[in-house]
Amino acid sequence: MNGHYDIAIVGGGLAGGLIALAVRRAHPAMRVALIEAGEAFGGNHRWSWFDSDIDDSSSALLGAFPARMWHGGNEVRFPSYTRRLEADYRSLDSRDFDATLRRLLPQDAILTGSRVASLSADAVEIAGGRRIEAARIVDCRSAPPSWHLTGGWQAFTGQTWRMDRPHGLAHPVIMDATVDQIDGYRFMYLLPLGETELFLEDTYYQDTPRLDRATLETRIARYVAGKGWKGEVIHAETGMLPVITGGDFDAHRAALEVPGVALAGARGGFVHPLTSYTVPIAVANALAIADIAADCDGPALARFVSERARRHWSATGFYRLLGKMLFGAARPEERYRIFERFYRLPEPLIERFYAARSTPADKLRVLAGKPPVPVMRAMGALLGKGAPLVQEGRR
Ligand SMILES: Cc1cc2nc3c(=O)[nH]c(=O)nc-3n(C[C@H](O)[C@H](O)[C@H](O)COP(=O)(O)OP(=O)(O)OC[C@H]3O[C@@H](n4cnc5c(N)ncnc54)[C@H](O)[C@@H]3O)c2cc1C
């Protein structure tokens, strides 16, 4: 069956799914298609965010999804101190993301198991020959490696464990950096999903895109044993996210842009350069796209999103600079010191940092004082070019 839609969104991950839902809510009469290569929307992820990352309208859109919620703050742990922070925290399992989209989108909007082979300003070709026509097309496919951007990597393996008795943890631990520092800045991330269910993620800010899943799983098991917990793994996920420290953003987008198609999602550069997180940015973008979608044609929508991407890039230079210091100036085993120092700062500043909304005063405060890495090395890092964000053997 061929279809004609008002808007087709290619890639049913976090960004694409949020855009589809936002457009559907703002304009129930518009015909929306959400085209996803996989059998489910959202892949195999757990997305988390602080309440302080998002405003009321973003909360309202995310509120459609049954995210797990923790009131009463969160915690960070470093070798020299532990700190309790006030911000409430939420986390959404991609299986719940998928189920919610299937419930809230009309049947003809849901096109899973549909790998797009090519796209143009007004049509999408799905592998196998199906053609979908649409007045506006948004490209939210997975972000590919980039020769135009530079930086390092955030590699992680996460596992949900069911313990044989209550684990006793009441609040999320965003970073437990008291673990051995191996290959870069390493920390364990803990989310108590239930009295006996615990999500544990072993994360590394590292120079190369290497991930030895078996080794990380062994380290998680050792951490679990070290805490005196016993149980079994009931779910797992892995990630390899770019930490962007510089590069030529226009060339990056030009390499991916299809004329007349709006390039969004992590693919379009809508990420926090240092944390690699996208939730606050993706939801704000979805609402902005929904706001104007009915009033502009495909090329105008593409220009609108492109302009937002450029503004986002300009506004996030500070985080790329810090990333440069992290990867270029700090030796892998001393990278944790940068975070250890950062987390001593006032909490509102930390919240704005995660939301990518640091003020000029915040930026000065982050950079002021005795640097945690030698000044000469920091200068060298800032002047250096950085490594391209590509994975071995892939162009
Ligand atoms: C395991 C993991 C955990 C993360 N946790 C967090 C977190 O806690 N908080 C946070 O803010 N960020 C997190 N991130 C980072 C970021 O938010 C996610 O990567 C987010 O999913 C990016 O959204 P996206 O929609 O741009 O891309 P994706 O979610 O990767 O979606 C792209 C979609 O496009 C589909 N696709 C690709 N090619 C085609 C094609 N040819 N045709 C049709 N469909 C196609 C893919 O199957 C995929 O579903 C995490 C990332 C990972 C990998």
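**A tour from hairpin to ligand shell**

Begin by selecting strands β10 and β11, which form a hairpin with 4 residues between them, and then pick out Gly128 in the turn, whose phi is positive at about 105 degrees. What you have open is a predicted model, in which local features need pLDDT of at least 70 and side-chain atom pairs count only at pLDDT 80 or more, while totals for chains, interfaces and linings use all residues. Residues are numbered from 1 along each chain as its sequence is written. Element names refer to DSSP runs numbered from the N terminus, with helices being H or I of at least four residues and strands E of at least two.

Staying with this hairpin, extend the selection over residues 131-139, the strand β11, which pairs with β10 in the antiparallel sense over 3 bridges; two strands pair if DSSP finds at least two bridges between them. Val124 has Ile132 as its bridge partner in β11. On the other side of the sequence, add β9 (residues 116-119), which is joined to β10 (residues 123-126) by 3 bridges and runs antiparallel to that strand. Here Val116 has Ile126 as its bridge partner in β10, and the two strands form a hairpin with 3 residues between them.

Next, display the open sheet of 3 strands, whose order is β3-β7-β4 with antiparallel pairing. Because β3 and β4 (68-70) stand at its edges with a single partner strand each, one side of each is left without a neighbour in the sheet. Neighbouring strands here are turned by 15 degrees against each other on average, direction ignored, where the axes are lines fitted to C-alpha atoms and angles run from 0 to 180 degrees between N-to-C directions. Zoom in on β4 and β7 (residues 89-93), which are joined by 3 bridges, and find Arg68, whose bridge partner in β7 is Ser91.

From β3, move to the ligand, since β3 supplies the largest share of the shell around the ligand, 4 residues. In all, 32 residues surround the ligand, and the closest are Gly11, Gly13, Gly239, Gly265 and Tyr277; a residue is near a molecule if its C-beta atom, placed from the backbone, lies within 6 Å of it. Colour α1 (14-26), β3 (46-50) and β16 (231-247), each of which supplies at least two residues of this shell. By class, the shell has 13 nonpolar, 13 polar and 6 charged residues.

Two loop residues deserve a separate selection. Ser276 lies in the loop between β17 (262-263) and α6 (279-293) and has a positive phi of about 65 degrees although it is not a glycine. Ser276 is buried, with 21 other C-beta atoms within 10 Å, the cut-off being 20 or more for buried, 12 or fewer for exposed, and partly exposed in between. Ala356, in the loop between α10 (347-354) and α11 (360-367), has a positive phi of about 60 degrees and is likewise not a glycine; with 20 C-beta neighbours inside 10 Å, Ala356 counts as buried.

Finally, zoom out to the whole protein, which has 12 helices and 18 strands and whose C-alpha trace spans about 60 × 50 × 40 Å along its principal axes. Of its 395 residues, 42% count as buried.

Terms used:
Nonpolar A, V, L, I, M, F, W, Y, C, P; charged D, E, K, R; others polar.
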